Amino acid sequence: MNIHEYQAKQIFRRYGIPVPSGVAVQTLQEVEKVAKELGDGRIVVKAQIHAGGRGRGMIAGKPDVHGVRVVANAKEARLQAENVLNNVLITHQTGPAGREVKRVLIEHATDIARELYLAAVLDRETSRVTIIASTEGGMEIEEVAARSPDKIIRQSIDPVTGLMAFHCRRFAYALGLQGDQTKKFAALLQRLYRMFVETDASLVEINPLVVTAQGDIVALDAKVNFDDNGVFRHPEISELRDLAEEDPKERAAKDAGLSYVALDGNIGCLVNGAGLAMATMDIIKYCGGEPANFLDVGGGATEEQVTQAFKIILSDQKVKAILVNIFGGIAKCDVIASGVVAAAKQVGLEVPLVVRLEGTNVDEGRQILTESGLAITPANDMMDAAKKVVAATGGAK
């Protein structure tokens, strides 16, 4: 689960992580009011969407207007907000469709001396929290990794001992911090790690983490993602969910208990099991096609879930064909087949449908498909299924 920058900074404040003074607002009247209340000095107006690259991103139809801008006073803050609020911001993470900006964060501008990078992420290979830092703050960490991998410092944290003082000192020295800055950084890093663990986060990123001209350490930006499987333990975090920022198809899938991720292709995939779903997308690509989604109906899928899965896939206008790839174990082939037939009839299926069934009750499942009267193309195995569904979309690119 993702949250906005202003929400992440609210959590930072609760854990004592220094952030600039600021308030998120939704109207132009509030923009000017908050900017005046912040007092003298420069103001930063930051568009709030669930995507990175906002500073470089551009407002659709206004190529000179970016998602983040430093202004001199409340009047200029209002003008910037007028160009941003209720308009579409396009960044490298949103794609060409962009995202509508419904809030802006109004903050005191910070007197920056240095920009650093700091993050805590769950490393699934080691099953540990890993701290990542770099002197190249303000840049995308992927760019730093590609161009200057030696400037990235990593430390895997043992869950038994947790983050230790020597870890903090190692990072501080590697980042070129000295004197009181070392102590301030160590305190911030300890609080960040505690927040990560206590909130069931999967990512906490500060980019940039700045050293001010006065020698303070401040989180100028904040990006926090939470583990969906742990959100039920944190009702106060669950309330931060912004449904308007989520893909409607992914939201419907989550509500139906399905694992769904929208992609850019034109072949819809309905599969049981995450590993099989990944293999299905791979073999579609191998045969020259492009998957439109990842969709795992799970091992215990019901007819209702399969029907809902079909509706979600077909709500994507790019889908030109559907591949159902089922290995029946807990989810029996006849149940899946019944769901496929019911869904196809209910939604009025008008795109080619290729079905590969194998496993428990496979004969019963195939019989249900055969007797359905629907134009379903059966497949003998995964390769056969992939070739047939790619051919149904016009052949390999």
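Here is a short chat between a student and a tutor about this predicted model.

Student: Let's start with the big picture: how many helices and strands are there in the protein chain?
Tutor: The C-alpha atoms fill a box of roughly 75 × 50 × 40 Å along the principal axes. Within the chain, the tally of elements is 13 helices and 20 strands.

Student: And what share of the 397 residues counts as buried?
Tutor: Buried here means under 20% relative accessible area. Applied to the 397 residues of the protein chain, that cut-off gives 48%.

Student: Among contacts with a separation of 6 or more, what percentage comes from residues 24 or more positions apart?
Tutor: For this one, look at how far apart along the chain the contacting residues sit. Take the contacts in the protein chain with a separation of 6 or more; the part from residues 24 or more positions apart is 69%.

Student: Is helix 1 mostly covered or mostly open, and which of its residues are buried?
Tutor: Helix 1 spans residues 5–14 and is mostly covered, with seven of its 10 residues buried. After the helix comes Gly16, which has a positive phi near 80°. The buried ones in helix 1 are Glu5, Tyr6, Gln7, Ala8, Lys9, Ile11 and Phe12.

Student: How many disulfides does the count come to?
Tutor: A disulfide is a covalent bond between the sulfur atoms of two cysteines. To be counted, the two sulfur atoms must be within 2.5 Å. With that rule, the count is zero.

Student: Which cysteine sulfur is nearest to that of Cys269?
Tutor: Cys269 is in no disulfide, and its nearest cysteine sulfur is 12 Å away. Cys269 itself counts as buried, at 2% relative accessibility. The sulfur you're after belongs to Cys287.

Student: Why is there no bond for Cys333, and how far is its sulfur from the closest cysteine sulfur?
Tutor: Cys333 is buried too, because its relative accessibility is 0%. Its closest cysteine sulfur is in Cys269, and that is too far for a bond, since the distance is 18 Å.

Student: Now the helix pair: is helix 9 parallel, perpendicular or oblique to helix 13?
Tutor: Two packed helices are described by the angle between their axes and the distance between the axes. The axes of helix 9 (residues 274–286) and helix 13 (residues 382–392) come within 9 Å and cross at roughly 55°. That angle makes helix 9, relative to helix 13, oblique.

Student: Which residues make that contact, and how many are nonpolar?
Tutor: Helix 9 brings Leu276, Ala279, Thr280, Ile283, Ile284 and Tyr286, while helix 13 brings Met382, Met383, Ala386 and Val390. Sorted by class, there are no charged residues and one polar residue, and the nonpolar ones number nine.

Student: Is the crossing of helix 9 and helix 13 left-handed or right-handed?
Tutor: Here you want the sense in which one helix is turned against the other. For helix 9 passing helix 13, the crossing is right-handed.

Student: Which peptide bond is cis, with omega near 10°?
Tutor: Go to strand 12, residues 201–212, where you'll find Pro208. The cis bond leads into that proline, running from Asn207 to Pro208.

Student: Ser127 and Asn361 have a positive phi although they're not glycines; where is each one found?
Tutor: Both have a phi of about 60°. Ser127 is exposed, with a relative accessible area of 58%, and Asn361 is partly exposed at 26%. Ser127 is in the loop between strand 9 and strand 10, and Asn361 is in the loop between strand 19 and helix 12.

Conventions:
Residues are numbered from 1 along each chain as its sequence is written. This is a predicted model: local features need pLDDT of at least 70, side-chain atom pairs count only at pLDDT 80 or more; totals for chains, interfaces and linings use all residues. Side-chain values use heavy atoms; hydrogens and water are left out. Buried means under 20% relative accessible area, exposed over 50%, partly exposed in between (1.4 Å probe, protein chains only). Helices (H or I, at least four residues) and strands (E, at least two) are DSSP runs, numbered from the N terminus. Axes are lines fitted to C-alpha atoms, for helices over the stretch in contact, and angles run from 0 to 180 degrees between N-to-C directions. Angles under 35 degrees count as roughly parallel, over 145 as roughly antiparallel, 65 to 115 as roughly perpendicular and the rest as oblique. A crossing is left-handed if the near helix is turned anticlockwise from the far one by less than a right angle, and right-handed if clockwise. Contact means heavy atoms within 4.5 Å. Ala, Val, Leu, Ile, Met, Phe, Trp, Tyr, Cys and Pro count as nonpolar, Asp, Glu, Lys and Arg as charged, and the others, Gly among them, as polar.
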